[in-house]
Amino acid sequence: MILKKTLFSLLLIFQLSSYAQSNSIEVANIAEYKTAIKNAVPGSKIILKNGIWKDVKLQAYGKGEKDKPITVQAETAGKVILSGNSSIEIYGTYIIVSGFWFKDGNPTEKSIVDFRKSATEFATNCRFTHNTISYYNPEDPSVNSHWVDLWGKNNRVDHNNFTGKTNDGTTVVVWLKGDEHIENNHSIDHNFFGPRPDLGKNGGETIRIGTSENSMKSSKTLVENNTFKNCDGEIEIISNKSGDNIIRDNLFIESKGAITLRHGDNALVENNVFIGNNVPNTGGIRIINEGHIVRNNLMIGLAGSGFRGPLVIMNGVPNSPLNRYRQVKNVSIQNNTLINCGTIEFAEGKDDERSLPPINTLFANNLITNTNGIKILNSSDDISGITLKNNIVDSSADVDVTQFTKQTIDWTLLQSLPMPSSKNQFLISNFKNDKSPKVDITDSEKKPFVVGAFNLDNAKLPKALLVKTGPYWNPVIEAPVVVAKAETIIVEPGVETLGKALKKANDLTTLQLKDGEYFFDKTQKINGNITIKGTKGTVLRVSNNLEKELTYFLRVEENATLNLQNITFDGSNDTQVKYAIVSPDKEQGGTYKLFIDGCTFKNFTNKDGGSIYKAYNGTLADTISIKNSSFLDSYRGLNLSYEKENFKYNAKTIIIHNSVFKNIEEFAINYTKVDPLSLEPHGSLLITNSVFSRVSNSEKGYVIKVKSIPSVIIKNTVFENSFNIVNPVKLSDNGSIIDNCLVYACGRIIVNKNAKQSNMLYQNPKWDDKDNFIPSKKSDLLKENNKVALIGLIPVTE
């Protein structure tokens with residue numbers, strides 16, 4: 001009997017072993033793979049032999065079962081390289097794809113990994129796990145594609161490494177188009193999201209859950225236990241655009257953006273850790289819409305401000321369409337800890353459109369500390385709809401005692417992480433931590449817990465710092481060395497022809513524009529080192545009859561250089577475009593450079609804050625150089641006066657040479673900063689051989705406004721025909737000089753304190769050609785007559 005049982009057991013083991021072997025098959029090429037996947041049954045395992053699989057379209061499909069999935073995997077994890085134009089489609093039920101490495105590619109597909117085959121065949125209970133996609137980008141960075149598109153329901157993307165996406169498009173997208181994808185219960189977990197450079201425009205999210213069109217649908221997607229390091233693609237690292245999602249226990253390291261609850265309601269954002277290390281533009285959580293809970297998040301050294309602040313509550317739009325900003329309502333923000341971060345923003349983004357402040361919102365039991373005395377809270381609108389309760393501040397900064405309680409916190413270190421010690425018994429609060437999506441700010445139920453994100457009775461590191469992310473096989477990823485080649489692209493006149501050419505430009509591209517008119521339907525952003533050359537007949541305009549008016553022609557992004565030569569910018573479209581050129585968006589810390597030579601800017605007459613050039617608050621130009629150019633018939637010239645709070649300059653160096661400002665209603669140049677006592681070393685303005693004619697012709701006007709600029713030098717320049725002005729320029733700072741200039745019918749230059757003036761002429765310039773500012777032979781503008789140097793324009797030889 002015992003012998004029979006033994007023989008039966010051995011037979012069973014042999015049969016099971018044979019069954020397992022019969023359901024595993026190794027394939028060496030795409031033809032063998034297609035045959036294997038076509039014949040796959042529950043429990044089948046298809047193993048791709050190690051090596052490079054180039055330009056393959058793998059379809060992982062079938063009807064697996066919960067305990068018997070169909071598995072498609074690498075022979076050795078990380079040793080099967082999918083290169084060239086390769087992609088994977090996953091569809092059916094219980095399919096697992098594992099161990100692959102996408103790299104060395106030039107993909108053309110819309111999705112690298114797509115959880116569907118078509119509009120009718122989707123994935124359910126499928127998994128993409130322990131894979132890597134690194135620097136797998138098309139040669140043309142303007143091609144819009146995603147690395148993972150999630151469709152269907154109950155799918156999981158986990159333990160992967162996604163590093164180095166550089167082209168247009170979100171890294172991972174959850175789609176809700178169609179009822180098959182609502183309440184999908186997808187999980188995106190334990191992934192490592194590595195460096196993604198700033199895209200310079202929308203569409204550079206790392207994860208997007210939904211779209212504005214489907215944002216009122218319930219997704220129920222879980223994003224947890226992921227690491228986001230240097231994910232700088234755009235301001236929204238995770239873009240929540242649907243309902244009922246959970247974002248928890250994630251780690252953000254030096255990533256220049258934020259979790260953004262952009263659309264959709266009832267998100268839970270908890271237990272996330274943000275470590276900014278004072279890198280500019282590192283943000284935390286930005287809140288829009290209603291029903292959200294934001295709790296127990298830890299933020300350290302986040303240096304972003306404005307939209308990129310550590311905690312930002314936005315203003316809303318009345319009767320907002322789905323793609324704008326719905327009012328913040330019924331939101332609970334509790335038990336968060338902020339250490340040495342930027343300013344918290346309430347009612348951020350207030351303007352004529354975003355006019356609805358947050359209501360029925362609770363901000364309670366949060367702990368904020370800093371050692372630099374930075375402002376704790378900035379409110380841009382009425383915040384009576386926000387209840388602030390039991391919030392504690394440990395800082396030298398001034399606070400409103402009705403909003404915050406000042407306390408000195410006893411801090412301790414837990415594996416180098418600062419956290420309050422158990423000596424801080426006053427951090428125990430009796431206010432209820434309301435876990436429901438709806439906020440009842442009158443609820444008086446007593447439930448003791450700790451202010452801030454820490455549990456004083458059970459000190460331990462946050463889970464986000466302990467979880468291992470990425471595949472178990474640890475890929476060694478090296479960024480490809482890209483050597484930009486200088487190239488010239490010839491651009492024909494027409495609508496958006498320049499915009500299309502800019503999409504093809506690399507870091508060393510010259511765009512040669514032919515004679516003719518170039519129309520803008522969209523604003524254009526400059527990345528890299530771009531030169532745009534025109535001829536005498538090259539004119540840039542904004543199109544008429546646009547559905548949405550354009551704010552500017554060109555934006556120079558941080559770390560970019562723009563060279564403009566021989567181009568006319570004409571601002572006379574039907575909606576009066578505000579600016580010709582603007583700096584990076586506000587609070588973008590990286591420097592940029594702008595060089596203008598032989599250009600004309602005219603008809604920029606928008607009086608709603610308009611100017612020919614604008615520098616936004618918190619931005620810094622390394623150099624703005626303008627030579628041989630004209631600024632004509634406009635409202636304002638160069639506006640670099642937006643440093644209202646940061647006490648910095650908008651530019652290190654501004655050079656104006658051999659240029660004309662004529663018929664400018666307000667100032668030609670406004671280059672100022674607020675804090676005269678700052679030790680900031682930058683800030684210089686050099687103006688030589690230029691003409692300012694009929695600029696700011698009013699009693700209190702000014703041609704050039706400078707304040708707290710360490711070095712202002714004006715030489716060989718003409719100020720004329722601002723008949724009503726009293727003082728066109730006032731210089732008072734040490735290091736400021738005005739020398740060998742002529743002033744006629746334009747008030748008097750004021751020089752105070754340590755500034756200096758010499759060789760000033762107050763007399764008629766005696767033009768031979770007053771329209772082109774050519775002096776007569778008897779004019780004192782000529783060096784032979786004034787005995788110092790030529791004043792005014794220097795003839796430019798072709």
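## A turn with positive phi

N740 sits in the loop that joins β72 (737-739) to β73 (742-744), where strands (E, at least two residues) are DSSP runs numbered from the N terminus. Its phi angle is near 55 degrees, which is a positive value in a residue other than glycine. N740 is also buried, with a relative accessible area of 1%; here buried means under 20% relative accessible area, exposed means over 50%, and partly exposed lies in between (1.4 Å probe, protein chains only).

A second asparagine can be read alongside it. N230 is placed in the loop between β22 (227-229) and β23 (236-241), and the phi of N230 is likewise positive, near 55 degrees, in a residue other than glycine.

## How to read the model

This is a predicted model, in which local features need pLDDT of at least 70 and side-chain atom pairs count only at pLDDT 80 or more, while totals for chains, interfaces and linings use all residues. Residues are numbered from 1 along each chain as its sequence is written, and side-chain values use heavy atoms, with hydrogens and water left out.

## Parallel strands

Strands of a sheet pair through backbone hydrogen bonds, either parallel or antiparallel. In this model, one open sheet has 7 strands in the order β50-β53-β56-β59-β62-β65-β68, and their pairing is parallel; two strands are taken to pair if DSSP finds at least two bridges between them. At the edges stand β50 (524-526) and β68 (704-707), each of which has a single partner strand, so one side of each is left without a neighbour in the sheet. The edge strand β50 pairs in the parallel sense with β53 (residues 552-556) over 3 bridges, and Q524 has L554 in β53 as its bridge partner.

Another strand to look at is β60 (residues 620-627), which is mostly covered, since 6 of its 8 residues are buried. Strand β57 (residues 591-597) runs parallel to β60 and is joined to it by 7 bridges, while β60 is joined in turn to the parallel strand β63 (residues 651-657) by 6 bridges. A row of isoleucines can be followed across these three strands: I596 stands opposite I626 in β60, and I626 stands opposite I656 in β63.

## Salt bridges

Side chains of opposite charge can pair when their charged atoms come close. The count for this structure comes to 25 salt bridges, each being a side-chain nitrogen of Lys or Arg within 4 Å of a carboxyl oxygen of Asp or Glu. One of them joins K49 to E26, with the closest N and O atoms 3.5 Å apart. This pair links distant parts of the chain, with K49 in the loop between β2 (45-48) and β3 (51-54) and E26 in strand β1 (residues 24-27), 23 residues apart. K49 is partly exposed at a relative accessible area of 32%, and E26 is partly exposed at 46%.

The side chains of K220 and E183 also meet in a salt bridge (3.8 Å, N to O). K220 lies in the loop between β20 (207-209) and β21 (222-224), and E183 in the loop between β17 (172-174) and β18 (187-189), so this pair ties together parts that are 37 residues apart in sequence. A further salt bridge is formed by the side chains of D381 and K350 (3.6 Å, N to O). D381 lies in the loop between β38 (377-379) and β39 (386-389), and K350 in the loop between β35 (344-348) and β36 (361-364), so parts 31 residues apart in sequence are tied together. D381 counts as partly exposed at 22% relative accessibility, and K350 is partly exposed at 44%. Elsewhere, R127, R156, D158 and D189 are linked in a network of salt bridges.

## Cysteines and enclosed space

The structure holds 0 disulfides, a disulfide being a pair of cysteine sulfur atoms within 2.5 Å. Two of its cysteines are buried: C126 has a relative accessible area of 2%, and C746 has a relative accessible area of 2%.

There are 4 cavities of 30 Å³ or more, where a cavity is a set of points, on a 1 Å grid over the protein atoms alone, at which a 1.4 Å probe fits but cannot get out, and lining residues have an atom within 4 Å of a point. The largest cavity holds about 50 Å³ of space, and its lining includes W147, F162, K165, R196 and C231.

Technical notes
Helix = DSSP H or I, 4+ residues; strand = E, 2+ residues; numbered from the N terminus. 1 Å grid on protein atoms, 1.4 Å probe; cavity = no way out; pocket = protein on both sides within 12 Å on 5 of 7 lines; lining within 4 Å. Points joined across faces, edges and corners; volume = space filled by probe spheres on them.
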